[in-house]
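Thanks, everyone; I would like to take you through one model this morning, beginning with a single loop residue and working outwards from there. Please keep the picture in view while I talk.

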Amino acid sequence: MPVTDKRRADPQLQAVRFLLDGEIVSLTDIDPTRTVLQYLREDLRRTGTKEGCAEGDCGACTVVLAEPDQSGQGLRLRAINSCIQFLPTLHGKQLLTVESLVAADGTLHPVQRALLDCHASQCGFCTPGFVMSLFALYKSQPDATRRDIDVALAGNLCRCTGYRPIVDAANTMYSYAAASETDGDWTHRAGGSAGDQERVICRKLVELADDSTLSLTSGDKRYFAPRDINTLAELVENHPDACILAGGTDVGLWVSKQLRELPTLIYTGDVADLQTVTTDDACLDIGAGVTINDAVPHLLEHYPEYEELFLRFASPPIRNAGTLGGNIANGSPIGDSMPALITLGTRLELRKGKTTRELPLDEFYLAYQETALQPGEFVTRIKIPLPESGREVRSYKISKRFDQDISAVCGAFSVELDGSRVRDIRIAYGGLAATPKRALECEQALLAHDWNEASVQAAMAMLDRDYAPIGDMRASDEYRRKVGKNLLYKFYLETSGTSDVASVYEYAR
Ligand SMILES: Cc1cc2nc3c(=O)[nH]c(=O)nc-3n(C[C@H](O)[C@H](O)[C@H](O)COP(=O)(O)OP(=O)(O)OC[C@H]3O[C@@H](n4cnc5c(N)ncnc54)[C@H](O)[C@@H]3O)c2cc1C
Ligand code: FES
Ligand code: FES
């Protein structure tokens, strides 16, 4: 419920404070697992934002969050799925919905105008979500290419208009901006130039943020959002049964689909120490709270081979919220980052209270949904070795759809050759076992052998010893077994200069 601003003296904040339409909203006594979508539609009756799937898949609920950028002068905008975003995580941010874009006099935003003029809406259910995804693109990439548009819309589904008119609208939205007397910008809602308005919003957001831990209680539910790692460590140690919440793209579904109660949540998204990325001579060091979209450019700088893997990781709104740390800690057997990170020799830094320790990622997974994390311990950093010369790496994702689909199988490979012999090899798969797991028998079959057709075929057979995959709605056990072998063969063909496509087809038969 809205209350007046009255909390400065308290070191532990009791109210969630964020901006909506340029005004500060302050909420107390809210259920910490209430979603942003529920708040918009049920509390505010702001019903432009729609609910389709309630699990981050369809994009009908897309909204945009704005935060000060690194300079503190401009805004950084991210499209996210409001159906799985918990309301308290809005603290210190600006929330923009489809209603935010229309000017006070009713003038539509260029994105909305372009969708209308291109006949890009029929039943209209998906349209607010498309508006917000395109709005985020419009603000962040004034020179978006067709590929950028396809990527930006990968998380939005339309079931009646078809995508061509929507892409047409995306292509033409910039021309409306140029023609507009108001900079064609959402900030025209509050008057003034776009730059002036952004600075005003930034100032307000900086004022909202301070160093206090946000602490909420509602009935028997608790929510903490610390801002530094020492407070986080203390909270996690004192509440060993708490659920750690990062981007919420896994945790959000436990509530929206499984209707689970989460009595205590500890949010890591405001912990500055977890948001940093550093590089030294040997290692790329990524904070566990860095979102997938922020982590990937750093990773691709050193390992461009993974571009397609991460392009196909969920959708932009999921990658804008979901973190690399959350992907690893969740430990899904079909998580996409882990096979690649395992084959790179990644190590995790873990912390409990004041004590930190390091663990190789391939020792982190003990059994299905069981990790080496002790009660009160959490992941702080992901340490990825930099590439060694002469090493070839790849990771291939197999799923039913190109975009926004979970893997049936994900295979990752890393080989170092000494002439024609295998000096070192690491192979790991997702989707073939209860955890992401190395193929140790298969690796042994290749180590110190020639990197040739015969030894690779022999090693492929060893995968049956490494894994006993199960069948489910994504793929049968037999399919998983076969495709796992084929991915190793694909890696061999790509790295041996033998990419004879005919032989691939021959093998597949
Ligand atoms: C529509 C959709 C599509 C998806 N597609 C993909 C996909 O293509 N590939 C893929 O791999 N995944 C996919 N996911 C899953 C999810 O997006 C990822 O696993 C994501 O990286 C989770 O990160 P998060 O920050 O949202 O984690 P959260 O949901 O916040 O947390 C996940 C788990 O990790 C724990 N945790 C988080 N941070 C820490 C920490 N620092 N220390 C200890 N524990 C921690 C939490 O307690 C929880 O158990 C998809 C999800 C959705 C909803
Ligand atoms: S309602 Fe479908 S993504 Fe949120
Ligand atoms: S216009 Fe009907 S679903 Fe897109």
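Let me begin with Ser-420, which touches Asp-450 and Trp-451 once residues up to four places away in sequence are set aside, a contact here meaning that two C-beta atoms, placed from the backbone, lie within 7 Å. Before I go further, I should say that this is a predicted model, in which local features need a pLDDT of at least 70 and side-chain atom pairs count only at pLDDT 80 or more, while totals for chains, interfaces and linings use all residues. Residues are numbered from 1 along each chain as its sequence is written, and chains are lettered from A and ligands numbered from 1 in the order in which they are written.

Ser-420 sits in the loop that joins strand 19 (409–418) to strand 20 (421–430); helices (H or I, at least four residues) and strands (E, at least two) are DSSP runs, numbered from the N terminus. Is Ser-420 buried or exposed? Ser-420 counts as exposed because it has 10 C-beta neighbours inside 10 Å, on a scale where 20 or more other C-beta atoms within 10 Å make a residue buried, 12 or fewer make it exposed, and anything in between makes it partly exposed, with C-beta atoms placed from the backbone. Measuring aside, the C-alpha atoms of Ser-420 and Ala-448 are 9.5 Å apart in space, with these positions 28 residues apart in sequence numbering.

Strands 19 and 20 come back when we turn to helix 16 (477–496), since what covers the buried residues of that helix includes strand 18 (391–398), strand 19, strand 20 and helix 15. The buried residues themselves are Arg-480, Val-483, Gly-484, Lys-485, Leu-487, Leu-488, Phe-491 and Tyr-492. As for length, the 20 residues of helix 16 should span 28 Å at 1.5 Å a residue, and its end C-alpha atoms are 29 Å apart, which agrees; the expected span is 1.5 Å times one less than the number of residues. Just after helix 16, Gly-497 takes a positive phi of about 70 degrees.

Helix 15 (residues 453–466) has 14 residues and reaches 20 Å from its first C-alpha to its last, close to the 20 Å expected. Its buried residues are Val-456, Ala-459, Met-460, Met-462, Leu-463 and Asp-466, and they pack against helix 14 (440–446) and helix 16.

Stepping back to the whole chain, the domain assignment, which is automatic or taken from a database, gives domain 1 (12–208) and domain 2 (391–508), and their centres, taken over C-alpha atoms, are separated by 41 Å.

Now to the ligand. Which residues lie closest to ligand 1? Of the 32 residues that surround ligand 1, the closest are Gly-56, Ala-246, Gly-247, Gly-326 and Asn-327, where a residue is near a molecule if its C-beta atom, placed from the backbone, lies within 6 Å of it. Helix 12 (324–330) is among the elements that supply at least two residues each, alongside strand 9 (243–245), helix 8 (251–256), helix 11 (316–321) and strand 17 (377–385), and helix 12 gives the most, with five residues. By class, the shell has 16 nonpolar, 12 polar and four charged residues, with Ala, Val, Leu, Ile, Met, Phe, Trp, Tyr, Cys and Pro taken as nonpolar, Asp, Glu, Lys and Arg as charged, and the others, Gly among them, as polar.

Helix 8 also holds Val-255, which counts as buried because it has 21 C-beta neighbours inside 10 Å. Leaving aside neighbours within four places in sequence, Val-255 is in contact with Thr-33, Arg-260 and Leu-262.

Two backbone details deserve a look. Most residues other than glycine have a negative phi. Asp-21, in the loop between strand 2 (16–20) and strand 3 (23–27), nevertheless has a positive phi of about 50 degrees, and Arg-45 has one of about 55 degrees.

Finally, a word on confidence: pLDDT, the predictor's confidence in each residue from 0 to 100, averages 91 over the protein chain, and 92% of the residues score at least 70. It stays under 50, however, over residues 1–9 and over residues 181–191.
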